[in-house]
Amino acid sequence: MSQIQEKTQVIRLEQLTSDIVRLTLDAPEISSIASPGQFVMIRTGNTSDPLLRRPFSISQTSSDGSFQILFKVVGRGTSLLSHCRKGEYLSVLGPLGRGYRIDPHRLACLVGGGMGIAPLLFLGKTIMRKYPDQGPVVVLGAKNREELAPLIDDFADLGLKVHVATDDGSLGHHGLLTDVLKALDLGPQCTTYVCGPKPMMTAVHLFCRSKHYGCQVSVETSMACGMGACLGCIVPLEKGGYGHSCSDGPVFDAEELVWSL
Ligand SMILES: Cc1cc2nc3c(=O)[nH]c(=O)nc-3n(C[C@H](O)[C@H](O)[C@H](O)COP(=O)(O)OP(=O)(O)OC[C@H]3O[C@@H](n4cnc5c(N)ncnc54)[C@H](O)[C@@H]3O)c2cc1C
Ligand code: FES
């Protein structure tokens, strides 16, 4: 697995909502080899607090050598990152992990909840480029309109039909995104590519199992090193033992994992 430590320059920082930020970094080496579902570890500041890099999914790459991440401010590291300035340099390690494996023979359905939407844009773009006849179905969910609306446009700009659900009904279906997923006619051959909160991924996995659909999930456990050197991110495997979500994942076939149902 190739991974690079790159000194990246901040090209743009966009405040999409009060706590959701899109960061564009100039990183030609990482961008040129990244694939959908992979992530980067970013040093969020120049001091030892926080000591550890923070993991973020690559939400899209561009032919100009940049990539983007989308993140929510939840603590010290993301707060520091949300205050970085255009032109500043950030140390980034990546691309890391095993991403989504695109099945070109089945309808692709991208399912994202909350900030789990981030890696799906890169995946949607890649599927549209490589398998244009297989324009994926997209199902996105979040707490409310404020959180979801700014994330939808990028998918719509690709020409994808986006189905949405919000917890409070302020945009799209009032309720769970799995209600929307179950109501869609996805035919007999489908693979879902999923990222989001664990209860949502569990529900999608069970639905896919009942339909004999493929299901790949991105497991965003907390991480320390991000490259298989500690035990910070282990997840139990159905075959026995544990896998590192940073190096064996973050994307797993749902059937590889043990689910607490
Ligand atoms: C592979 C991977 C990809 C990720 N991609 C994204 C992304 O694209 N966008 C995004 O917004 N976030 C993403 N995350 C989560 C992101 O890494 C954390 O939100 C971030 O590390 C928090 O750092 P902090 O210093 O701001 O908060 P901390 O002070 O470290 O934590 C603040 C709070 O957030 C909780 N928290 C921290 N990390 C996680 C986690 N992984 N899962 C659930 N709760 C957590 C902590 O328990 C604590 O309650 C990803 C995580 C992984 C492992
Ligand atoms: S985060 Fe250290 S082994 Fe995965």
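Trainee: How many cavities of 30 Å³ or more does the structure hold?

Mentor: There is 1 cavity of that size. Keep in mind that this is a predicted model.

Trainee: Why is that space called a cavity and not a pocket?

Mentor: The test is whether a 1.4 Å probe that fits inside can get out. In a cavity the probe cannot get out, whereas a pocket is an open set of points, so this space earns the name cavity. The largest cavity holds about 30 Å³ of space.

Trainee: Which residues line the largest cavity?

Mentor: They are L70, I117, L121, L151, D154 and F155. Helix 4, residues 145–157, gives the largest share of this lining, with 3 residues.

Trainee: What makes the lining of the largest cavity nonpolar, polar or charged, class by class?

Mentor: By class it has 5 nonpolar, no polar and 1 charged residues. Leu, Ile and Phe count as nonpolar and Asp as charged, so D154 is the charged one.

Trainee: Let's turn to the ligand. Which pocket does ligand 1 take up?

Mentor: Ligand 1 takes up the space of the largest pocket. To sit there, a molecule needs more than half of its atoms within 2 Å of the grid points, so ligand 1 meets that condition.

Trainee: How much space lies in the largest pocket, and which residues are closest to its centre?

Mentor: About 1200 Å³ of space lies in it. It is lined by 49 residues, and those closest to the centre are M115, G116, G196, P197 and E220. Among the elements that give two or more residues to the lining are strand 9 (137–142), helix 5 (177–183) and strand 14 (234–236). The largest share, 5 residues, comes from helix 6. By class, the lining divides into 26 nonpolar, 15 polar and 8 charged residues.

Trainee: What makes a residue part of the shell around ligand 1?

Mentor: One of its heavy atoms must lie within 4 Å of the ligand. Here 19 residues surround ligand 1, and the closest are R54, P55, L70, G77 and T78. Strand 4 (54–57), strand 6 (66–72) and helix 2 (76–82) each supply at least two residues of this shell. Strand 4 gives the most, with 4 residues. The shell divides into 9 nonpolar, 6 polar and 4 charged residues.

Trainee: How do you know that L70 makes a polar contact with ligand 1?

Mentor: A backbone N or O atom of L70 lies 2.8 Å from a nitrogen atom of ligand 1. The cut-off is 3.5 Å, so this pair counts as a polar contact.

Trainee: And how far are the polar backbone atoms of G75 and G77 from an oxygen atom of ligand 1?

Mentor: For G75 the distance is 3.1 Å, and for G77 it is 2.8 Å. Both values lie within 3.5 Å, so they count as polar contacts as well. Overall, the protein covers 69% of the 880 Å² of accessible area that ligand 1 has on its own.

Trainee: Now the backbone. Which peptide bonds are cis?

Mentor: One joins G94 and P95, with omega about -10°, and P95 lies in strand 7, residues 89–96. Another runs from G249 to P250, with omega near 15°. P250 is in the loop between strand 15 (242–244) and strand 16 (251–253).

Trainee: Last one: is the phi of H212 positive or negative, and where does H212 lie?

Mentor: H212 has a positive phi of about 60°, although it is not a glycine. H212 is found in the loop between helix 6 and strand 13 (214–218).

Technical notes:
Residues numbered from 1 in each chain as written. Chains lettered and ligands numbered in written order. Predicted model: local features only at pLDDT ≥ 70, side-chain atom pairs only at ≥ 80, totals over all residues. Heavy atoms only, no water. Polar contact = N/O pair within 3.5 Å; in protein donor to acceptor, adjacent residues only side chain to side chain. Areas by Shrake-Rupley, 256 points an atom, 1.4 Å probe, with all protein chains shown as cover. 1 Å grid on protein atoms, 1.4 Å probe; cavity = no way out; pocket = protein on both sides within 12 Å on 5 of 7 lines; lining within 4 Å. Points joined across faces, edges and corners; volume = space filled by probe spheres on them.
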